[in-house]
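Colleague: Thanks for sitting down with me. Could you put the model up, so that we can go through it together?

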Amino acid sequence: MAISREEVQHVAHLARLEFSEAELERFTQELSKILDYMEKLSELDTSGVEPTYHALNLANRFREDEVRPSFPPEEILSNAPQKEGTSFVVPRVIK
Amino acid sequence: MQRLSILEIREKLRKKEISSREITEYYLSRIEKLDPQIKAYLTVTREEALAQAQAADEKLARGEELPLLGVPLSVKDNICTKGIRTTCASRILENFVPPYDATVVERLKEAGAVILGKTNLDEFAMGSSTENSAFFPTRNPWDLERVPGGSSGGSAAAVAAELCAGSLGSDTGGSIRQPAAFCGVVGLKPTYGRVSRYGLVAFASSLDQIGPLTRTVSDAALLLQIIGGPDSRDSTCYPEAQPDYLSELEKPLPRLKLGLPKEYFGEGLSDEIRIKLEESFRELEKLGFELREVSLPHTEYAVAAYYIIAPAEASSNLARYDGVKYGLRLEGRDLLDMYKKTRSQGFGAEVKRRIMIGTYALSAGYYDAYYRKASQVRTLIARDFEEAFKEVDLILTPVTPTSAFRLGEKTQDPLQMYLSDIFTIPVNLAGLVGLSLPVGLTSENLPVGLQIIGPHFSEPLVLNLAHRLEEALSLNLNPPPE
Amino acid sequence: MEFEAVIGLEVHTQLLTESKIFCGCSTKFGAPPNHHTCPVCTGMPGSLPVLNRRVVEFALRLALAVGARINPVCVFARKHYFYPDLPKNYQISQYEAPIAEGGAIEIEVDGQRKSIGLVRIHMEEDAGKLVHDEKRPVSYVDFNRTGVPLLEIVSEPDIRSPEEAVAYLKKLRTIVRYLGICDGNMEEGSLRCDANVSVRPKGSQEFGTKVELKNMNSFRHVERALKYEIKRQIGLLLEGKEVVQETRLFDEAKGVTHSMRGKEEAHDYRYFPDPDLVPVKIDPEWIEKVRSELPELPDAKKQRFIEEYGLPTYDAEILTVSRPLAEFFEECVKLFPQPKKVSNWLMTEVLRELNREGKEIDETNLKPEHIAELLKLVEDGVVSITAAKKIFPEVYATGRNPKELVEEKGLRQESDEGALEAICREVLSENPAEVEKYKSGKKGVIGFFVGQVMKKTRGKANPKLVNQILTRLLEA
């Protein structure tokens, strides 16, 4: 099933990616081909089959409500592209 | 000090035949000499390694015994190492220095290992050739014009070329097993949940596992022992303790039934590989095991299911790379622009491709047809194995359809690259154990790997059989010296 | 044409756990930016979430308190959107399989009881905080709050008026405080409310276009915002125009709602089960354990106060809004078994002080013994009620013994009948004209005499006793 350019652009926006014309063209073709291949799955009758989201049947993996030492702010911010004091700085969010 | 396995190094260190400093320097000088051609490493931590070796020697002198004391290893660069750059072979994390160690790295350190550096990979572990690294491709030590496989290509090449005694890689669709096969080393993908993923930069969370790449099966058993086991920081990590793999290794085996799934031995498999595998099957029969045909009927759907599930989870796991908290930031007109520029220029083409597929598969209107459907097919594939394991104890398959291909050979057609993962992917989908064992060389002098697949938590059995076969074949493969 | 409003509320409650939902960082408020953070709550590469068991327990408490159906298996899902206060650019929440569904909250408005149905309750993590710089075009991000556990409670669109909405919120707040799971403070953000409002002709079964309202930070805001919005929508419909489905923000300064211009693209959250978290299975044993540990809930307590203590509904209502106050009341009654008198005192003197300071009774120096003692002193005639009210603020502030304060301040009432009678006779003999007035039928004059006695005794006479004595003397 081919994917249209518009759909590719929409998906790109959802993923916060942008493409040049050439890239958009190429991605549209590549994705179309790949998604076409995925159509194979519709050959299979999966009615009544439970989806598997986890390989093992683990459940109820908890931790207790105990405070553990946090990381020092310097370490949390050590890779920050922009910071001020102990805050991360980002371009202002227009609301 | 040449061509030593981890166990041999450990033995020599304990007997004081060599020192950790010596063996560490041995590898460091080989790295200096050979890595400019092979390019297995992204970061070599020379000073830290020598310091660790020094500390190890002091402990050894005091008679302290730790399971990996003084043994030099490398770690794939998508596993967090505190204070050491962890790039995932991506521009978006080019200068990211984690403030913490992955659980597996903590355990290596507790065991006294020396860490030589971080190895190259396909960007964010997405790829089968290490050509998707944002920095440079790694080359196969057996033929520098060929790929080492991927995504743990750097780890496999480093082990094969003796640039470390062993390495940790990660496997989501074959990323340990396939490069192990291409490079002629042992590669083990443990049962899903056997090894903690805490500190492994996530690609596809329900499929990823960390595992060892080593020269011998015993080495793999030792490394698994060290890195595996319960971890309360990973909810998906199995909470029961591990058995003792090394002691299990020597146990006599019953007359195992070994299954050969007919779907894996069809047309796509190269003749040379087929021949080498059949030789190993004869060996196994000689050892007294029974080989019989089984069927895994949904095999042909595995790649399609995988290439929906893995990218879907990846698109989600990679959403965090946005220039706000760490990594690359490219300024833009506003926040949205910053996000888009940072991500578009920070991620390579294959990563973007998978993010796009994954985002699409999860998006409104498509979730049921893609992600949910693929997850249902995943159930069918897991059931195939469950059924097969009622008839046989372990399953034997090829690892790859061909031996190592040339750089650039498959980069034009992503789909072709995906299809070559056909033998390894189903194992991740079902969360089973998969081990790749070198079983010979093609006429072009390229390694061939045999995959041994076992049910959940059957590592002792898989390792034992692999060890037995390894002994019988007694290959001792080494790439041509440079 | 008469219209009716159809309102549904989405409330987020911040839970009172010690640590965050998926990591061990402290949830304590007020730390400097990014001082309560770690790789997990800042979304660092390789980090993984692990669920805090107490969050599930708190969710179970609430589910049981509102009679919701607890799902035997529930699952966490990722909700994707890009925003700087969301470090992973997805929020771990619940989607297809929340912890509980259904249930209801009982409210009372103008004496009318009503049941507001609930759609669901689910667990999720809070986002961080963004502070915008006044001058520069930058914002500051603080992840201290990221990962604080929330319960989202979604009501059915059963609410029909702003008053009902406020009653619902107040009741929900009381419930979560009773359960000890949330302190329910809208102004501080531990209880947040978004509303979905539409209007339709009265009697119609169809739903009108619904508008989402945000940015309401108090019960008052909710009431005003809803009032305005309902009026606005009705206005549009009466003009033959259509209501646009959108999100509008409440502007508290102007008391109106504004459309969020331009911002709106429908969100595609791309929900899918979080592969890093395994399902939560809740067995009947766990549910029973939580149920057995539930405190008496507000409605039950109110009913019991009416029946057991013979209190009027009004009193019972006020005393049971706060569980600590209700418990304090009962302790007082044990020591001074006159419930109405205790109730009166608590509703007036005590609540005045508590409200002034914005405190809960268990945050003060007050003990049931203090109240019991004060009331006994008045009952025994040792002090007048006026004097008791006078010293109460000091008792409240210092926790000092009322008896001591009475002695110290010399507020002991004169209750000696002999002494008082002498003064009464004095007053009567000094005011013959008023005595005449009394004898001619103006019984009210007795108040003047009491006043005079109080003056002579500098306020220390027991007014009740004085009244009795004067009456006796006058009637003689």
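Colleague: Which strand and which helix flank the loop that holds B:Ser175?

Modeller: Keep in mind that this is a predicted model. In chain B, the residue before us, B:Ser175, sits in a loop. That loop runs between strand S4 (166-171) and helix H6 (177-183).

Colleague: Is B:Ser175 buried or exposed?

Modeller: Buried means under 20% relative accessible area. B:Ser175 has 6% relative accessibility, so the residue counts as buried.

Colleague: Which residues does B:Ser175 contact, leaving aside neighbours within four places in sequence?

Modeller: Several glycines and serines turn up here, including B:Gly127, B:Gly150, B:Ser151, B:Ser152 and B:Ser170. The remaining names are B:Ala125 and B:Lys76.

Colleague: Which residues does the UniProt annotation "active site" cover?

Modeller: The annotation comes from an unreviewed UniProt entry, and it may be inferred rather than shown by experiment. The residues it covers are B:Lys76, B:Ser151 and B:Ser175.

Colleague: What is the largest C-alpha distance among them?

Modeller: In sequence they are spread over 100 residues. In space, however, they cluster, with a largest C-alpha distance of 11.0 Å.

Colleague: Where is B:Lys76, and is B:Lys76 buried or exposed?

Modeller: B:Lys76 belongs to strand S2 (residues 72-76) of chain B. Beyond residues up to four places away in sequence, B:Lys76 touches B:Ser151 and B:Ser175, among others. Its relative accessibility is 0%, so B:Lys76 counts as buried.

Colleague: Which peptide bond leading to B:Ser151 is cis?

Modeller: B:Ser151 lies in the loop between S3 and H5 of chain B. Most peptide bonds are trans. Here omega is near 10 degrees, and the cis bond is the one from B:Gly150 to B:Ser151.

Colleague: What is the phi of B:Ala125?

Modeller: B:Ala125 is also placed in the loop between S3 and H5 of chain B, and at 3% relative accessibility it counts as buried. Most residues other than glycine have a negative phi. B:Ala125 is not a glycine, yet its phi is positive, at about 70 degrees.

Colleague: Is B:Lys16, with its positive phi, buried or exposed?

Modeller: The phi of B:Lys16 is near 65 degrees. B:Lys16 is placed in the loop between helix H1 (6-14) and helix H2 (20-38) of chain B. The cut-off for exposed is over 50%. With a relative accessible area of 53%, B:Lys16 is therefore exposed.

Colleague: How far apart in space are B:Gly127 and B:Ala204?

Modeller: B:Gly127 is in the loop between strand S3 (114-119) and helix H5 (153-160) of chain B, and it is buried, with a relative accessible area of 8%. Its contacts include B:Asp122, B:Asn132 and B:Arg354. B:Gly127 and B:Ala204 are 77 residues apart in sequence, while C-alpha to C-alpha they are 13 Å apart.

Colleague: Over residues 22-463 of chain B, how far apart are the end C-alpha atoms?

Modeller: An unreviewed UniProt entry places the feature "domain: Amidase" on this stretch. The chain there is 39% helix and 14% strand. Its end C-alpha atoms are separated by 30 Å.

Colleague: Turning to chain A, what is its radius of gyration?

Modeller: Chain A has 3 helices and 3 strands, in the order α-α-β-α-β-β. Its C-alpha atoms fill a box of roughly 55 × 45 × 25 Å along the principal axes. A compact globule of 95 residues would come out near 12 Å, but chain A has 23 Å.

Definitions and conventions. Residues numbered from 1 in each chain as written. Chains lettered and ligands numbered in written order. Predicted model: local features only at pLDDT ≥ 70, side-chain atom pairs only at ≥ 80, totals over all residues. Heavy atoms only, no water. Helix = DSSP H or I, 4+ residues; strand = E, 2+ residues; numbered from the N terminus. Rg over C-alpha atoms; globule rule 2.2 N^0.38 Å. Buried < 20%, exposed > 50% of the residue type's maximum accessible area, 1.4 Å probe, protein only. Contact = heavy atoms within 4.5 Å.
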